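Here are a few exercises to work through with the model open in your viewer. Try each one before you read its solution.

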Amino acid sequence: LNLLTMTLSGLELSALISAGIIMSNADGKRTDDEDNILIKELTSFNVSHDEAKLYLNVAVDMSSEYTVEVLKAMSDDKKKYACGYLAAVMAADEDIAEKELEAWVAFSTLCNFPTMTLGDAYEFWRNN
């Protein structure tokens with residue numbers, strides 16, 4: 001499985017970015033490294049600049065409840081990817097705060113993500 005075979009809908013991408021924003025704000029400080037991962041995610045799916053702005057705006061306005069609803073409805077492979085993406089956001093500033101870890105566990109539970117370690121999730125994301 002790789003990016004050539006996995007495609008996320010605009011709504012799924014927005015939900016992923018929304019979850020990433022929530023994760024990166026969990027410890028009370030959002031860093032440039034975390035923002036870079038948020039933006040890199042959009043570019044890795046080959047979306048245009050205009051689409052990226054749209055998805056980002058939707059993500060910012062999306063409620064946490066709706067974010068969970070969208071992520072929970074994704075396929076298992078997409079959930080693994082989302083789980084790893086959130087791990088990458090959390091690790092981006094090389095400081096995994098307790099609040100970020102709690103948010104990751106909460107998303108994993110609420111969205112029915114496959115059970116994975118932080119390392120396994122990150123590796124899956126990095127390799128896909």
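## Exercise 1: one residue and its core

Task: find what phenylalanine 107 touches beyond its sequence neighbours.

Solution. Skip the neighbours within four places in sequence, and phenylalanine 107 is in contact with Ala19, Ile22, Met23, Thr67, Val68, Leu71, Leu86, Asn112 and Phe113. Contact here means heavy atoms within 4.5 Å. Before going on, keep in mind that this is a predicted model, where local features need pLDDT of at least 70 and side-chain atom pairs count only at pLDDT 80 or more, while totals for chains, interfaces and linings use all residues. Residues are numbered from 1 along each chain as its sequence is written, and side-chain values use heavy atoms, with hydrogens and water left out.

Next, place Phe107 in its core. The largest nonpolar core has 40 residues, and Phe107 is listed among those with the most contacts inside it, along with Met23, Leu71, Tyr85, Leu86, Trp104 and Phe113. Such a core is a set of buried Ala, Val, Leu, Ile, Met, Phe, Trp, Tyr and Cys residues joined through side-chain atoms within 4.5 Å. Buried means under 20% relative accessible area, exposed means over 50%, and partly exposed is in between (1.4 Å probe, protein chains only).

Last step: which elements give two or more residues to this core? They are α1, α2 (32-44), α3, α4 (64-72), α5 (76-91), α6 (98-110) and α7 (118-126). Helices are DSSP runs (H or I, at least four residues), numbered from the N terminus. The largest share, 9 residues, comes from α5.

## Exercise 2: a helix pair

Task: describe how α1 and α3 cross.

Solution. Two packed helices are described by the angle between their axes and the distance between the axes. For α1 (residues 10-25) and α3 (residues 49-61), the axes come within 8 Å and cross at roughly 55 degrees. Axes are lines fitted to C-alpha atoms, for helices over the stretch in contact, and angles run from 0 to 180 degrees between N-to-C directions.

Now classify the angle. Under 35 degrees counts as roughly parallel, over 145 as roughly antiparallel, 65 to 115 as roughly perpendicular and the rest as oblique. α1 and α3 are therefore oblique to each other.

Then list who does the touching: α1 brings Gly10, Leu13, Ser14, Ile17, Ser18 and Ile21, and α3 brings Tyr55, Leu56, Val58, Ala59 and Val60.

## Exercise 3: two buried residues

Task: are serine 18 and threonine 67 buried or exposed?

Solution. Start with serine 18, which is found in helix α1. Serine 18 counts as buried, at 2% relative accessibility. Leaving aside neighbours within four places in sequence, serine 18 is in contact with Ala59, Met62 and Thr67.

Move on to threonine 67, in helix α4. Threonine 67 is buried too, with a relative accessible area of 0%. With neighbours within four places in sequence left aside, its contacts are Ala15, Ser18, Ala19, Met62 and Phe107.

## Exercise 4: positive phi

Task: what is phi of asparagine 46, and what is phi of asparagine 112?

Solution. Most residues other than glycine have a negative phi. Asparagine 46 has a positive one, near 55 degrees, and sits in the loop between α2 and α3. At 69% relative accessibility, asparagine 46 is exposed.

Asparagine 112 also has a positive phi near 55 degrees. Its place is the loop between α6 and α7, and at 43% relative accessibility asparagine 112 is partly exposed.
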